[in-house]
Amino acid sequence: MNATLPFTRPTIEEVDLEAVRQVLLSGWLTTGPKAQELEEAITRYLGGGIQVRVFNSGTSALEASLLAAGVGPGDEVVVPAMSFVATANVVLRVGARPVFVDVDAGSRNLCASAVESVLNPRTRAVMPVHFAGMAVDMAPIYELAESRSLVVIEDAAQAIGTAYRGRKIGSHGNPVCFSFHPNKNITTIEGGALAVADPDFAKHIERIRFHGIERDADGNMDVPEWGGKMNLPDLGAALGLAQLARLDDFIAKRRELAQGYFERLPVHPALRLPADDPGHSWHMFCVCLDCAALGRRRSEILDHFQRHGIALGTHYPAIPLFSLYRRLGYDRGVFPVAEWIGEQTLTLPLFPKMTMTDVDHVCHVFSELLGVSR
Ligand SMILES: *Cc1c(COP(=O)(O)O)cnc(C)c1O
């Protein structure tokens, strides 16, 4: 029996080890030249014309963006009910209220009409999430935001390298936050980044990133506002630089494997595949399986795959059903699509070092389970 196939695994090669080794031996471990180099490299990757600031996590980048946009107590922020919980947690963290909207069953993303249905005078911002690397249809959202004076902060934690209408997410100019957690398409161990066009926003967020500190031309220090401790160490930045150089190769491989799934997964009414899109960066390949229709519980399905050497993920439970959010008044039945995804989703193995033989194996187990072949 081979080792278990995980749903994801970071791609760490000699170049990554060498990059990290050089920083460790350089005498400078925390934020310094490598962090700045990474900011410049991400700027180039996104096509230039924007500012990039790196953070110690995607969560920090989101929190700092909300603060820099002036979102706070009394404000409402529209977020999708289907995402990783950080998307809503950061809204609570800055003292604002997350207002959930349901997502589309195909793209698993929120849409402009759902956002519009919850707008009221307290709505300050909307945080679209590019779920699993699939771009949100942003044009109608920008249009809505403009007509209602809303701040748009994109949670692109899963979407570095994703394209929307032929342009990379993050190149448009409004604040966009990425994550470089080890499960994401590239990693800095823990880390994230903000891309934004406005240089003042970038300068503001730099202060928030590091204790609120500002220095004048003579190097004198002042602290004009509160700031946190959100800086990315050079160790992670050096790893990120080595990773970013291969990001397009990683994504090409992810797309190839995703197409393999589309071609090989069995056709069955209980199995729903994700939407495809040319700009998709395939951070995850999440299917929905109607386990109840098969007379099984999802935990049994997970065990079944585990016995065949496959570790599936379940991304994610619907956020409003967590007890923290239930205490804010949310309950079951309000976000049927997000709840449906939360209960039925299975994340299939997908990472660049996987092979098409691995895809075959996963699809074979599915076919057997569903009693169909292709
Ligand atoms: C991973 C993720 C985050 C948080 O990023 P970290 O780097 O882990 O802090 C936020 N939102 C979404 C949608 C994510 O997938």
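# A walk through the model, stop by stop

H1 and H8 are roughly antiparallel to each other, because an angle over 145° between axes counts that way. That's the first stop. One thing to keep in mind as you click around: this is a predicted model.

**Stop 1: two helices side by side**

Select residues 14-26 for helix H1 and residues 234-244 for helix H8. Their axes come within 8 Å and cross at roughly 150°. Two packed helices are described by the angle between their axes and the distance between the axes. The crossing of this pair, H1 with H8, is right-handed.

Now turn on side chains. Which residues of H1 meet H8? On the H1 side, pick Val-15, Asp-16, Ala-19, Val-20, Val-23 and Leu-24. Facing them from H8 are Asp-234, Leu-235, Ala-238, Leu-239, Ala-242 and Gln-243. Sorted by class, the H1 and H8 contact has 9 nonpolar residues, 1 polar and 2 charged.

**Stop 2: a three-stranded sheet**

Next, select residues 285-289, which is strand S14. Is S14 mostly covered or mostly open? Mostly covered: 5 of its 5 residues are buried. In a regular strand the side chains alternate between the two faces of the sheet. Here Phe-285, Val-287 and Leu-289 point one way from S14, while Cys-286 and Cys-288 point the other way.

Add the neighbours. Strand S13, at residues 271-272, is joined to S14 by 2 bridges and runs antiparallel to S14. Click Leu-271 and you'll find that its bridge partner in S14 is Leu-289; click Arg-272 and Cys-288 of S14 stands opposite. Then bring in strand S15, residues 345-348, which is joined to S14 by 4 bridges, again antiparallel. Val-287 stands opposite Leu-346 of S15.

Together the 3 strands make an open sheet in the order S13-S14-S15, with antiparallel pairing. S13 and S15 are at the edges with a single partner strand each, so one side of each has no neighbour in the sheet. Before leaving, select residues 356-370: this is helix H13, which packs on the sheet and touches S13, S14 and S15. The direction of H13 makes about 5° with that of S14.

**Stop 3: a four-stranded sheet and a cysteine**

Move on to another sheet, an open one with 4 strands in the order S1-S10-S9-S6 and mixed pairing. Which strands stand at the edges? They are S1 (51-55) and S6 (154-155), each with a single partner strand, so one side of each is left without a neighbour in the sheet.

Zoom in on S1 and S10 (residues 192-196), which pair antiparallel over 5 bridges. Phe-55 stands opposite Gly-192 in S10. Then show residues 33-45: helix H2 lies across S1 and S10, running at about 135° to S1.

Still in this sheet, go to strand S9 (residues 176-179) and pick Cys-177. Is Cys-177 buried or exposed? Its relative accessibility is 1%, so Cys-177 counts as buried. Leaving aside residues up to four places away in sequence, Cys-177 has contacts that include Ala-61, Leu-62, Ser-65, Ile-153, Glu-154, Asp-155, Ala-193 and Leu-194. Try a distance, too: Cys-177 and Val-52 are 125 residues apart in sequence, and their C-alpha atoms are 9.6 Å apart in space.

**Stop 4: an arginine on a helix**

Select Arg-93, in helix H4 (residues 86-93). With a relative accessible area of 58%, Arg-93 is exposed. From Arg-93 to Leu-67 is 9.8 Å, C-alpha to C-alpha, with their places 26 residues apart in sequence.

**Stop 5: backbone oddities in the loops**

Finish with some backbone details. Where does Arg-108 sit? Look in the loop between strand S3 (97-101) and helix H5 (112-117). Arg-108 is not a glycine, yet has a positive phi of about 65°. Arg-108 is also buried, at 3% relative accessible area.

His-211 has a positive phi too, of about 60°, and is likewise not a glycine. Find His-211 in the loop between helix H7 (199-209) and strand S11 (214-215). His-211 is partly exposed, with a relative accessible area of 33%.

Last click: the peptide bond from His-315 to Tyr-316 is cis, with omega near 0°. Tyr-316 is in the loop between helix H10 (298-307) and helix H11 (323-326).

Note on methods:
Residues numbered from 1 in each chain as written. Predicted model: local features only at pLDDT ≥ 70, side-chain atom pairs only at ≥ 80, totals over all residues. Heavy atoms only, no water. Axes fitted to C-alpha atoms, helices over the stretch in contact; angles between N-to-C directions. Parallel < 35°, antiparallel > 145°, perpendicular 65-115°, else oblique. Left-handed = near helix turned anticlockwise from the far one by under 90°. Contact = heavy atoms within 4.5 Å. Nonpolar A, V, L, I, M, F, W, Y, C, P; charged D, E, K, R; others polar. Buried < 20%, exposed > 50% of the residue type's maximum accessible area, 1.4 Å probe, protein only. Pairing = 2+ DSSP bridges.
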